[in-house]
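Got your viewer open and your selection syntax ready? Load the model below and follow along, one stop at a time.

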Amino acid sequence: MSPSATATTTEYHQPDPLLFKKANGAHANGNGTAYDDTTLENYQGNYKFAPIEEAEVSRAMIKRYFTTMYERAVSDVVIVGAGSAGLSCAYHLAKTRPDLKITIIEAGVAPGGGAWLGGQLMTAMVVRKPADRFLAEIGVPFEDEGAFVVVKHAALFTSTILSKVLAFPNVVLMNATAVEDLVIREDFAGKQRVGGVVTNWTLVALNHDTQSCMDPNTVTAPVIVSATGHDGPMGAFSAKRLVSSARVNGTREVAPGLIMTGMELSEHDGSNRMGPTFGAMMASGIKAAHEAIRALDAAQVVNGKVVA
């Protein structure tokens, strides 16, 4: 979408700013309601918005949100967790396979996980090579320190990859949404397989002890990528639900239909946590995307279920 005229021509530093007025007369909204689209961009105290009704705002949000829930009740890939590994996985998947319906489910209101800051709440992000190639691909500048590079603020990486992931038409992000359990079913060979996730709004999931009868929802998908991070309030989710004893090379399908990536893989394997560097998270997410494509290409899927 091209920017509006006001975004490209207004000179805000001038003492006498340009004022823009659009007066095209009466029109009708999509619901048939008449409105006057006379607006004024005037930062001297006379700014005027187009008039809308409260119900229009509600309906605009409700229609899109629940249409998304309806359409993504069956997805191709569900990514649990929108941290650095989950977002890197989503980016590579969406870019490589635009035909896939990729649904990201994030428990927090703000996606990004722990990638908004570096170690001990400091701002710089250290990325070991060769993961700097991914930074270059998505357009994040950095300083080269030889064996590693430094992004001036971790938020620069996280905000960049988040905006790029959400720009893909085949990606949906449902934040403030918790995965409460895994859907397990028998596959065509009679073996157990992860076939989806059980979801609820996070505020509901956190209050099961205070209220009753707050049943969840489900999303069906042949491949689940679990990227919920290390142990914590919402962390290591899938690792805690599996009987099982180097993050990048170890990124794999740990159970039929379930791929684990990032710090959650450390929890699953019982391996050591890494230091405050993020290259392994990015590379592990990309490898998870490769594993998801491999799993999908090896299966016949009907209505979100693996049938052969």
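Which residue forms a salt bridge with R97, with the closest N and O atoms 3.1 Å apart? Select D297: that is the partner. Keep in mind that you are looking at a predicted model.

**Stop 1: around R97.** With D297 and R97 on screen, add D99, which also forms a salt bridge with R97; here the closest N and O atoms are 2.9 Å apart. Colour by accessibility and the two ends of the D297 pair split: R97 counts as buried at 19% relative accessibility, because the cut-off for buried is under 20%, whereas D297 is exposed, with a relative accessible area of 54%.

**Stop 2: K129 and D144.** Next, select K129 and D144, another salt bridge, with 2.9 Å between the closest N and O atoms. K129 sits in the loop between β7 (125–128) and α4 (132–138), and D144 belongs to strand β8 (residues 143–144), so this pair ties together parts 15 residues apart in sequence. K129 is partly exposed at 34% relative accessibility, and D144 is partly exposed too, with a relative accessible area of 49%. Now bring R97, D99 and D297 back: salt bridges with shared partners join these three into one network. The count of salt bridges comes to six.

**Stop 3: helix α3.** Select residues 84–96, which make up helix α3. Want a quick geometry check? At 1.5 Å a residue, its 13 residues should span 18 Å, and the end C-alpha atoms are indeed 18 Å apart, so the two agree. Eleven of the 13 residues are buried, which means α3 is largely enclosed by the rest of the structure. Among the buried ones are L87, C89, Y91 and L93.

**Stop 4: P216.** Jump to P216, in the loop between α6 (202–205) and β13 (217–220). P216 is partly exposed, with a relative accessible area of 42%. Show its contacts, skipping neighbours within four places in sequence, and you get E180, V198, T199 and N200. Of these, try E180: it is 36 residues from P216 along the chain, yet their C-alpha atoms are separated by 7.9 Å.

**Stop 5: a surface patch.** Finally, switch on the surface and pick Y43, Y47 and F49. They form a nonpolar patch there, with about 370 Å² of accessible area together. Zoom in on Y43, found in the loop between β4 (39–41) and α2 (54–71); Y43 is partly exposed, at a relative accessible area of 46%.

Note on methods
Residues numbered from 1 in each chain as written. Predicted model: local features only at pLDDT ≥ 70, side-chain atom pairs only at ≥ 80, totals over all residues. Heavy atoms only, no water. Patch = residues over 30% accessible without salt bridge, like charges linked within 9 Å, V, L, I, M, F, W, Y side chains within 5 Å. Areas by Shrake-Rupley, 256 points an atom, 1.4 Å probe, with all protein chains shown as cover. Salt bridge = Lys/Arg side-chain N within 4 Å of Asp/Glu carboxyl O. Helix = DSSP H or I, 4+ residues; strand = E, 2+ residues; numbered from the N terminus. Buried < 20%, exposed > 50% of the residue type's maximum accessible area, 1.4 Å probe, protein only. Contact = heavy atoms within 4.5 Å. Expected span 1.5 Å × (residues − 1).
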